[in-house]
Amino acid sequence: MNPTNNPFADSTAIVTGASRGFGRGIAAALASAGVRVVGVARSGAQLDTLRGELPDFIAVTANAADPATPGPLIDEYQPRTVVLCAGAAPQMSPLQEQTWESFSQNWNVDVAQAFHWIRHALRRPLAPGSTVIVVSSGAAINGSPLSGGYAGAKATVKFITGYAGIESERAGLGIDFVSVLPMLTPATELGAKAVAAYAERQGLDVDTFVQSLRPALTPEQVGKSVLEIATGELRDHRAYTLSSAGLSPLG
C-alpha cells in the first residue's frame with residue numbers, strides 16, 4: 001500500500017495493548033500505512049521503545065479497561081480506527097486450582113475494555129466510516145480448559161462487538177464493528193504460556209506440541225490482517241477467525 005495515494009494514511013488510529021504481542025504488530029502495520037497511531041498500554045517503558053521505532057506514534061500510558069480511559073482519548077484524537085487488543089494474561093491451571101479472582105480476571109479486563117470503549121464509540125458517536133476492531137480469541141469457539149474464564153470472556157467480547165454492529169445499523173451511525181479471533185500461537189508471551197501448559201497437559205514437549213500448530217500465527221500477520229479490515233479491503237463480515245493462512249469469515 002502506497003501511503004501517498006491512500007486517504008487512510010491521513011487518519012488516526014487508537015490501539016490498546018500496543019506495547020507488545022499482537023497489539024505491537026497491529027500498531028506497526030498501521031504506522032507502515034502512514035496512519036498516526038495512538039498506542040495505549042500500562043507499560044510506559046515499552047511504549048517509549050515503540051515510539052522510537054514507529055513514525056508519528058503517540059504513547060499513552062493508561063489502563064485500557066478503566067472506564068475513564070476511552071472518553072478523553074476518543075474525544076481528543078477523533079480516530080477513524082480503534083483497535084482493542086489489551087487483555088489480561090490468564091492463570092494457566094485447571095478449574096479446581098482456580099480462585100474466583102483468577103477465573104474472573106479476563107472478565108474484569110478484556111470484557112470491561114470492550115464494553116467501555118464500544119459504549120463510548122456508540123454514544124459519542126465516532127464519525128461515519130469509522131471502524132472498531134476488537135481482538136477476541138479462537139478460544140471463544142474452541143474453549144480453553146486451562147485458562148479459567150478466558151474463553152468465556154473472549155466469547156462475550158465477540159458478542160459485545162456484534163451487538164454494537166447491530167446498534168450502529170439501527171441508528172444509522174455508519175460505524176463498523178468487527179471482531180477478530182486469532183488462533184493459538186507461541187509467538188506472543190500469552191500464547192507461549194498457554195502452549196507450554198497444554199503441552200505439559202498432553203505429556204508432550206513444547207517443540208512437539210508447536211509442530212501441530214505450524215505454521216504459527218505471528219504478530220506481523222495479525223497486524224497485516226487488521227490493516228486489511230481497517231482500510232476496508234476486507235470488511236464484509238462482523239467476525240473473522242485468524243490463522244497463519246489469513247482471515248476467514250465466522251458465520
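**View 1. Helices H5 and H7 side by side.** Axes here are lines fitted to C-alpha atoms, for helices over the stretch in contact, and the angles between them run from 0 to 180 degrees between N-to-C directions. Helices (H or I, at least four residues) and strands (E, at least two) are DSSP runs, numbered from the N terminus. Before going on, note that this is a predicted model, in which local features need pLDDT of at least 70 and side-chain atom pairs count only at pLDDT 80 or more, while totals for chains, interfaces and linings use all residues. Residues are numbered from 1 along each chain as its sequence is written, and side-chain values use heavy atoms, with hydrogens and water left out. Now to the pair itself: the axes of H5 and H7 cross at roughly 5 degrees and come within 9 Å. That makes H5 roughly parallel to H7 (angles under 35 degrees count as roughly parallel, over 145 as roughly antiparallel, 65 to 115 as roughly perpendicular and the rest as oblique). On the H5 side, the contact (heavy atoms within 4.5 Å) is made by residues including Trp107, Val111, Phe115 and Leu122. H7 brings in, among others, Tyr150, Val157, Ile160 and Glu167. Sorted by class, the contact of H5 with H7 has 11 nonpolar, 5 polar and 3 charged residues. For that sorting, Ala, Val, Leu, Ile, Met, Phe, Trp, Tyr, Cys and Pro count as nonpolar, Asp, Glu, Lys and Arg as charged, and the others, Gly among them, as polar.

**View 2. Helix H1 meets helix H10.** Here H1 (residues 21-32) packs with H10 (residues 219-230) at an angle of about 55 degrees, and their axes are 7 Å apart. That angle makes H1 oblique to H10. The contact is made by Gly21, Phe22, Gly25, Ile26, Ala29 and Leu30 of H1. Their partners on H10 include Pro219, Val222, Lys224 and Leu227. By class, the contact of H1 with H10 has 9 nonpolar, 3 polar and 1 charged residues.

**View 3. Aromatic rings in helices H4 and H7.** Rings of Phe, Tyr and Trp (its six-membered ring) pair if their centres lie within 6.5 Å; planes under 30 degrees apart count as stacked, over 60 as edge-to-face and the rest as tilted. The count by this rule comes to 2 aromatic pairs. In one of them, the rings of tryptophan 100 and phenylalanine 103 have centres 5.6 Å apart and planes at 25 degrees, so the pair is stacked. Both residues lie in helix H4 (residues 100-103), 3 residues apart, or about one turn of the helix. Tryptophan 100 counts as exposed at 60% relative accessibility, while phenylalanine 103, at 24%, counts as partly exposed. (Buried means under 20% relative accessible area, exposed over 50%, partly exposed in between, with a 1.4 Å probe and protein chains only.) Phenylalanine 159 and tyrosine 163 form a stacked pair too, at 6.2 Å centre to centre with 20 degrees between the planes. These two sit in helix H7 (residues 150-171), 4 residues apart, again about one turn. Phenylalanine 159 is partly exposed at 44% relative accessibility, and tyrosine 163 is exposed at 51%.

**View 4. The loop between H5 and E5.** Zoom in on the stretch between helix H5 (105-123) and strand E5 (131-135), and you'll find serine 130. Serine 130 is buried, with a relative accessible area of 2%. Leaving aside neighbours within four places in sequence, serine 130 is in contact with Pro79, Arg80, Gly174, Ile175 and Asp176. Proline 125 belongs to the loop between H5 and E5 as well. A cis peptide bond joins arginine 124 to proline 125, with omega about -15 degrees.

**View 5. Loops around E3 and H3.** Most residues other than glycine have a negative phi, and most peptide bonds are trans. Aspartate 56, in the loop between helix H2 (44-53) and strand E3 (57-61), has a positive phi near 50 degrees. Glutamine 78 also has a positive phi, about 45 degrees, and lies in the loop between helix H3 (70-77) and strand E4 (81-84). At 57% relative accessibility, glutamine 78 counts as exposed. Threonine 69, in the loop between E3 and H3, counts as buried at 9%. Apart from neighbours within four places in sequence, threonine 69 is in contact with Ala62, Asn63, Ala64 and Trp117.
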